[in-house]
Amino acid sequence: MSALMKVARVNKLFTPIIVRSASDSVKYPKITTHYTIHPRDNDERWKGVNMERFIDEVDVVIVGGGPAGMSAAIRAKQLAAEQQKEIRVCVVEKAAEVGGHILSGAVVDPVSINELFPNWKEMGAPLNTPVTKDSFSYLTDAGRISIPIFKGWPMDNHGNYVVRLGHLVKWLGEQAEALGVEIYPGCAAAEVLFHKDGSVKGVATNDVGIAKDGSPKDTFARGMELHAKTTIFAEGCRGHLTKQIMRQFNLNEGSQHQTYGIGLKEVWEIQPEKHQPGLVEHTIGWPLDKSTYGGSFLYHLNEPTPTIAVGFVVGLDYQNPWLSPFQEFQRFKTHPKVREVFEGANRIAYGARAINEGGFQSLPSKLTFPGGCLVGCSAGFLNVPKIKGSHYAMKSGMLAAESALESIMGEKQETTGYEPKSYPDKIKNSFIWKDLYKVRNVRPSFHNPLGLYGGMMLSGISIILGGREPWTLKHAGLDNQSLKLASQCPQIVYPKPDNKISFDLLSSVALTGTNHEGDQPAHLTLHSDRTPIDHNWALYEGPEQRFCPAGVYEYVPNDEGGNMKLQINAQNCIHYCKK
């Protein structure tokens, strides 16, 4: 559950500290109190506490109630009904309500929902805004240069819909419940459970009633165990249980490392005369320099009020540690060719999320393991030039459900947990595999001496060839390895927010709708309390306090130690990085 930090992994740089001296305790105050780092077995405060969990047994457990998880649940129940079988399908979702952690505003290809519910229009699915116009531009300091979009190219959105994705997921949840799926909102999966033979047994949900210092409160209650024949992990990008599964079963062997971006998004109500339902706009260029990958999107929704969703994506392989993705987003909105849409408008929501950018090369070499499989962004199914993954998430969830039921209702397997063994072949025979292979060279093209300009040229060649080029480019390196020392880079001074078009970070976090009790352990954990000061701060001036889109990480003076210390404001967390 270590926090997403765009810094070098330094496990080998520092000698593990077995005994913390008094001076160390002052200089490096304890940050992490979570039981995954400090086991309760060795904590006197937990002696005598009842640690027994309630156990429930089902056929399929799905971790995550997003597009992938809900589609898997729905398809599983549909198939069981077709075969006149009774199965129990359970979805655990950390948000208090289904769709609660998904900020609205996305362009969705309807190919998967067409298959899942051919009559979705009659059923009232909230796909209300067909794309009417596409725009793709390069921004200079003061101007906009249009870039043509040809039919069939990744940026062509003909036939797609602008949606409020949170509303779509909520609707999918309603369909799932109508089919008999058991949904547990507000229950985060906290632990993977294993059978004695090593196969996945299911998951345990989070404990509650724990104080910030890691001690049990009077209200302490143990989470529950959900045992299943097959467990489908649909946590999204960088799910902490998915990372554990990947390590446990070596799922990434032979694959390239994953690369990431951060996407920030706001929802606005604008003046009616500026509203064009169905308009989809994307830009590259300003305010980012040629060495930084990223760009913007702006979608006009067809809602009772004139609503738009605007966002900005920054690749986490940027070089300057002084860069702040949030501040770059705020700067983007002030561009003379952009700001006019926000003048006289009202911002109503803000959010952010981590994005898989590795594409085809970074897909796990194994998508299944004894007892389960990975779907959606947990597996890395995202088309970077399209900036789309919802239809892949839905399709992969459906295919996983099909394979899971084949296994459960088929012959007994060699392990107790059932592995959906046909799932990888189903993926390879689907449009997911074909699409991602076509654009495999687009993102790696931007690792060149000319940066954006070379990337546009090389990726353009790949797109024109339709992915038929006889080569597959590799990603340059881990994202953190691109970061230069703070002393080697110019410090970026961002303009103060005007509170009309640009805003500060904390007022933005207040619009996310997330809320955490203050007196509980930070779910963001560090492997070493020394690393932030001795490495991140010493070499890079603490980049995590700038790349985090919620102000979770903050360096403050350590009066007792005479140095700086990292403070984790876990109550600010908007779950963008999944730890």
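## The β9–β10 hairpin

In this predicted model, strands β9 (residues 189–194) and β10 (residues 200–205) run antiparallel to each other, paired over five bridges. If you want one spot to find the register by eye, look for A189, which sits opposite T205 in β10.

The two strands make a hairpin, with five residues between them. Check out G198 in that turn: its phi is positive, at about 95°.

## A seven-stranded open sheet

Now for the sheet that β15 and β16 belong to. Its seven strands go in the order β6-β5-β15-β16-β17-β14-β18; the sheet is open and the pairing is mixed. As background, strands in a sheet pair through backbone hydrogen bonds, and they can do so in parallel or antiparallel fashion.

Which strands stand at the edges? They are β6 (144–146) and β18 (346–356), and each has a single partner strand, so one side of each lacks a neighbour in the sheet. Going from one strand to the next, the twist averages 20°.

## β15, β16 and the loop between them

Within that order, β15 (residues 279–285) and β16 (residues 294–301) are an antiparallel pair held over four bridges. Here V280 is the residue to click on, as it stands opposite Y299 in β16.

The loop between β15 and β16 is home to P287. What is the peptide bond from W286 to P287, cis or trans? It's cis, with omega near 10°.

## Helices α2 and α5 side by side

Helix α2 (residues 67–82) and helix α5 (residues 165–178) have axes that come within 9 Å and cross at roughly 20°. An angle under 35 degrees counts as roughly parallel, so that is how α2 lies relative to α5. The crossing itself is left-handed.

Which residues do the touching? From α2 you get P67, M70, S71 and I74, and they meet V169, L172, G173, Q175 and A176 of α5. Sorted by class, this contact has six nonpolar residues, three polar ones and no charged ones. A handy bit of background: an α-helix has 3.6 residues a turn, so residues three or four places apart point the same way.

## Helix α13 and what covers it

Further along the chain comes α13 (residues 531–540), whose buried residues are T531, P532, I533, H535, N536 and Y540. What covers them? Among the elements doing that job are α14 (544–547), β21 (553–558) and β22 (563–568).

Right after α13 comes E541, and its phi is positive, near 60°.

## Two more loop residues with positive phi

N250 has a positive phi too, near 55°, and this is a residue other than glycine. You'll find N250 in the loop between α6 (240–249) and β14 (260–269). Is N250 buried or partly exposed? Its relative accessible area is 40%, and since buried means under 20% and exposed means over 50%, N250 comes out as partly exposed.

I387 isn't a glycine either, yet its phi is positive at about 55°. Look for I387 in the loop between β20 (372–374) and α8 (390–408). With 35% relative accessibility, I387 also counts as partly exposed.

Definitions and conventions:
Residues numbered from 1 in each chain as written. Predicted model: local features only at pLDDT ≥ 70, side-chain atom pairs only at ≥ 80, totals over all residues. Heavy atoms only, no water. Pairing = 2+ DSSP bridges. Axes fitted to C-alpha atoms, helices over the stretch in contact; angles between N-to-C directions. Parallel < 35°, antiparallel > 145°, perpendicular 65-115°, else oblique. Left-handed = near helix turned anticlockwise from the far one by under 90°. Contact = heavy atoms within 4.5 Å. Nonpolar A, V, L, I, M, F, W, Y, C, P; charged D, E, K, R; others polar. Buried < 20%, exposed > 50% of the residue type's maximum accessible area, 1.4 Å probe, protein only.
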